[in-house]
Amino acid sequence: MVQSIVPRLDGRVRSCMKQLERISERILFIGAGNMASAIIHGAIDSGVLDPERVAVVDPNAEKRAQFRVAFENADDGVQWLGAGEADGVIVLAVKPQMLE
């Protein structure tokens with residue numbers, strides 16, 4: 001039952017993504033785990049997001065290596081975000097217990 005629903009949902013998600021306009025702001029993700037990776041790669045693959053306009057902050061070097069623009073330190077990420085010509089967006093993509 002679940003397998004028969006997945007292709008239909010996938011088609012609907014792809015249809016919605018095609019209707020989205022290209023994102024012009026820089027986006028900084030705090031966290032580069034599974035959730036952030038799925039969002040970022042989905043947006044890049046659909047053409048909504050330019051890989052040069054997205055950055056991640058994560059203490060894990062292996063996770064940072066998956067992205068073109070990545071920082072270990074949040075301050076560096078915020079400086080990158082502020083260097084853009086338009087306002088930027090910060091996405092918190094970490095588990096709540098990591099925000100301590």
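1. Asp76 is worth a look at the outset, since in this predicted model it sits in helix α4 and, at 38% relative accessibility, counts as partly exposed. Its C-alpha atom is separated by 8.5 Å from that of Val57, a residue 19 positions away along the chain.

2. The helix that holds Asp76 spans residues 74–82, and its buried residues are Gly77, Trp80 and Leu81. Viewed down the axis of α4, these buried residues fall within an arc of 100°, so they line one face of the helix. On the face turned away from that buried side one finds the exposed residues Asp75, Gln79 and Gly82. The cover over the buried residues of α4 includes four strands, namely β1 (27–30), β2 (54–57), β3 (70–71) and β4 (89–92).

3. The start of α4 deserves a separate remark, because a side-chain oxygen of Asn73 reaches there to within 2.6 Å of the backbone nitrogen of Asp75. Asp75 is also one of the exposed residues on the face of α4 turned away from the buried side.

4. Arg26 is placed in the loop between α1 (2–19) and β1. Is this residue buried or exposed? With a relative accessible area of 17%, Arg26 falls under the 20% cut-off and therefore counts as buried. Its side chain reaches the backbone oxygen of Trp80 at 2.5 Å, and Trp80 is itself among the buried residues of α4. Leaving aside residues up to four places away in sequence, Arg26 touches Arg53, Trp80, Leu81, Ala83, Gly84, Asp87, Gly88 and Val89.

5. Two of the partners of Arg26, Gly84 and Asp87, can be taken together, as Gly84 lies in the loop between α4 and β4 and Asp87 is placed in that loop too. Gly84 is buried, with a relative accessible area of 17%, whereas Asp87 is exposed, with a value of 66%. The C-alpha atoms of Gly84 and Arg53, residues 31 positions apart along the chain, are separated by 8.9 Å. For Asp87 and Arg26, which are 61 residues apart in sequence, the C-alpha to C-alpha distance is 7.3 Å. Apart from residues up to four places away in sequence, Asp87 touches Glu25 and Arg26.

6. Helix α2 offers two residues for comparison, Ser37 and Met35. Ser37 is buried, with a relative accessible area of 12%, while Met35 is partly exposed, at 47%. If residues up to four places away in sequence are not counted, Ser37 touches Ala32, Gly42, Gln66 and Phe67. On the same basis, Met35 touches Leu92, Ala93 and Val94. Met35 and Lys95 are 60 residues apart in sequence, yet their C-alpha atoms are 9.8 Å apart in space.

7. Which residues lie nearest the centre of the largest pocket? They are Gly31, Asp58, Ala93, Val94 and Met98, out of a lining of 16 residues. Two of these, Ala93 and Val94, are also touched by Met35. The pocket holds about 400 Å³ of space. Helix α2 (residues 34–45) gives the largest share of the lining, three residues. By character, the lining residues divide into 10 nonpolar, three polar and three charged.

8. As for the chain as a whole, it has four helices and four strands, and read along the sequence these follow the pattern α-β-α-β-α-β-α-β. Of the 100 residues in the chain, 30% are buried. Among contacts with a separation of 6 or more, those between residues 24 or more positions apart account for 68%. The contact of Asp87 with Arg26, two residues 61 positions apart in sequence, is an example of such a pairing.

Conventions. Residues numbered from 1 in each chain as written. Predicted model: local features only at pLDDT ≥ 70, side-chain atom pairs only at ≥ 80, totals over all residues. Heavy atoms only, no water. Buried < 20%, exposed > 50% of the residue type's maximum accessible area, 1.4 Å probe, protein only. Arc of directions from axis to C-beta. Contact = heavy atoms within 4.5 Å. Polar contact = N/O pair within 3.5 Å; in protein donor to acceptor, adjacent residues only side chain to side chain. 1 Å grid on protein atoms, 1.4 Å probe; cavity = no way out; pocket = protein on both sides within 12 Å on 5 of 7 lines; lining within 4 Å. Points joined across faces, edges and corners; volume = space filled by probe spheres on them. Nonpolar A, V, L, I, M, F, W, Y, C, P; charged D, E, K, R; others polar.
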